[in-house]
Amino acid sequence: MRARDNPFRVERLHGLRPRIDVPLADLLARWESMGGRAALVGPHGTGKTTLIEALRVELGNPPLLRLSEERRRLPSELPAGTLLIDGAEQLDGRDWRKVVERPGRLLVTAHRPGLLPTLWESRSSETLLDALLEDLGAGAWRVQARPLLAAHGGNLREVFRALYDRWGEDGAKRAK
Amino acid sequence: MSDLLIRIDGERSSFKPGESVEGVVEGAAGLELRLFWYTEGKGTQDLEVVATQHLGPEGRFRLVLPDSPYSFSGKLISLIWALEVVGGAVCPRAEILVSPDGGEILLGGV
């Protein structure tokens with residue numbers, strides 16, 4: 001029942017690789033053909049952050065701004081060159097204009113299309129969930145996980161948080 | 001470099017707060033050894049490097065543990081102590097336990 005033994009702990013989830021049906025290099029080539037300005041689009045918890053982080057590695061680790069409801073403002077100086085923004089829909093109109101007026105390549109994540117042309121649209125599915133469970137060595141949890149996917153509106157992050165708790169509860173029952 | 005191995009004197013893996021962790025890392029001359037703790041669990045990972053030592057030609061090290069935190073595990077979070085070699089192509093890591101009785105503290109509620 002130790003947190004460090006839980007297969008759904010955050011550190012394991014951060015190690016998951018993006019499950020897309022094209023090589024990352026091909027996706028980046030598509031991005032270049034779009035002028036190096038595009039968005040990864042999809043609902044909450046469908047792999048956008050995982051994908052942008054993997055693409056960042058392929059690009060040689062350019063700056064990545066991580067925005068959230070708690071952190072919505074740009075830094076005072078934007079870096080030159082390639083810029084990645086996770087959570088671009090958090091920016092207000094003025095900050096978004098600063099970003100798009102800045103020269104250089106740009107790749108962002110957003111929950112809905114419209115900010116930039118869509119490079120990739122992420123969506124969750126039972127197939128994706130099954131594959132991720134296998135990656136975590138937790139394929140035996142498939143039966144419990146599938147109803148959670150529907151219950152959480154396709155948000156895989158919330159599914160894994162729920163499975164984290166269930167693993168702990170199962171362990172507590174076994175210990176009694 | 002591919003054979004880097006952290007060997008703790010006496011093959012110890014558990015320590016009390018304030019004790020020294022001593023040993024050798026063979027083949028690691030010029031690299032750095034870090035003593036740190038990190039968390040794993042349901043929330044965001046925390047990490048703190050407590051001490052570092054530049055490794056000389058013989059690779060010997062001696063790092064003093066602080067009074068806290070202790071190694072512990074609960075349902076939501078585990079705190080893990082470790083040594084790690086950095087600066088090379090591979091970064092071997094050795095986990096240790098740190099607590100007053102040398103064992104991991106198990107928490108029931110968290």
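Contact here means heavy atoms within 4.5 Å. Angles between axes run from 0 to 180 degrees between N-to-C directions. With those two terms in hand, helix α3(A) can be placed: α3(A) lies across β1, β2, β3, β4 and β5 of chain A. Its direction is about 165 degrees to β4(A).

This is a predicted model. The predictor gives the complex an ipTM of 0.84. The pTM is 0.86. For chain B the mean pLDDT is 93. In that chain, 96% of the residues reach 70 or more.

Start with chain A. Chain A holds seven helices and five strands. Along the sequence they follow the pattern α-α-β-α-β-β-α-β-β-α-α-α. The C-alpha trace of chain A spans about 60 × 35 × 30 Å along its principal axes. Chain A has 176 residues, and 45% of them are buried. Take the contacts in chain A with a separation of 6 or more: 59% of them come from residues 24 or more positions apart.

The five strands make an open sheet with parallel pairing. Its order is β2-β3-β4-β1-β5 in chain A. Why do β2 and β5 of chain A each have one side without a neighbour in the sheet? Both stand at the edges with a single partner strand, so one side of each is left open in that sense. Strand β5(A) covers residues 118-121. From one strand to the next, the twist averages 15 degrees.

Look at one pair in detail. β2(A) and β3(A) pair in the parallel sense over three bridges. Strand β3(A) takes in residues 83-86. Within this pair, L64(A) stands opposite L84(A) in β3(A).

Return to the helices over this sheet. Helix α2(A), residues 24-33, lies across β1, β4 and β5 of chain A. Here β1(A) is residues 37-41 and β4(A) is residues 106-110. Helix α2(A) runs at about 150 degrees to β5(A). Helix α3(A), by comparison, lies across β1, β2, β3, β4 and β5 of chain A.

After α3(A), which covers residues 48-58, comes a loop that leads to β2(A), residues 64-66. N61(A) sits in that loop. Its phi is near 60 degrees, a positive value in a residue other than glycine. Is N61(A) buried, exposed or partly exposed? N61(A) is partly exposed, with a relative accessible area of 48%.

Now turn to chain B. Here three strands form an open sheet in the order β1-β3-β6, and the pairing is antiparallel. The edge strands are β1(B) and β6(B), each pairing on one side only. Neighbouring strands of this sheet are turned by 30 degrees against each other on average, direction ignored. Strand β3(B), residues 20-26, pairs with β6(B) over five bridges. One bridge partner can be named: S20(B) is matched by V64(B) in β6(B).

Two loops of chain B deserve a stop. The loop between β1(B), residues 5-8, and β2(B), residues 14-15, holds E11(B). Phi of E11(B) is near 55 degrees, again a positive value in a residue other than glycine. E11(B) counts as exposed because its relative accessibility is 77%, and the cut-off for exposed is over 50%.

The other loop lies between β6(B), residues 60-64, and β7(B), residues 72-73. P69(B) is found there. The peptide bond that joins S68(B) and P69(B) is cis. Its omega is about 0 degrees.

Finally, bring the chains together. The size of an interface is often given as the accessible area lost when the parts come together. Chain A and chain B bury about 1200 Å² between them. Of this area, 48% is on carbon and sulfur atoms. Which three residues supply 46% of the area that chain A buries against chain B? They are R4(A), E11(A) and Y164(A), and they supply more than any other three residues.

In contact terms, eleven residues of chain A meet 16 residues of chain B. How many salt bridges are there between chain A and chain B? The count is five. In one of the salt bridges, E104(B) is paired with R2(A). The closest N and O atoms of E104(B) and R2(A) are 2.7 Å apart.

Methods:
Residues are numbered from 1 along each chain as its sequence is written. Chains are lettered from A and ligands numbered from 1 in the order in which they are written. This is a predicted model: local features need pLDDT of at least 70, side-chain atom pairs count only at pLDDT 80 or more; totals for chains, interfaces and linings use all residues. Side-chain values use heavy atoms; hydrogens and water are left out. pLDDT is the predictor's confidence in each residue, from 0 to 100. Helices (H or I, at least four residues) and strands (E, at least two) are DSSP runs, numbered from the N terminus. Buried means under 20% relative accessible area, exposed over 50%, partly exposed in between (1.4 Å probe, protein chains only). Two strands pair if DSSP finds at least two bridges between them. Buried area is the accessible area (1.4 Å probe) that two parts lose on being put together, summed over both. A salt bridge is a side-chain nitrogen of Lys or Arg within 4 Å of a carboxyl oxygen of Asp or Glu.
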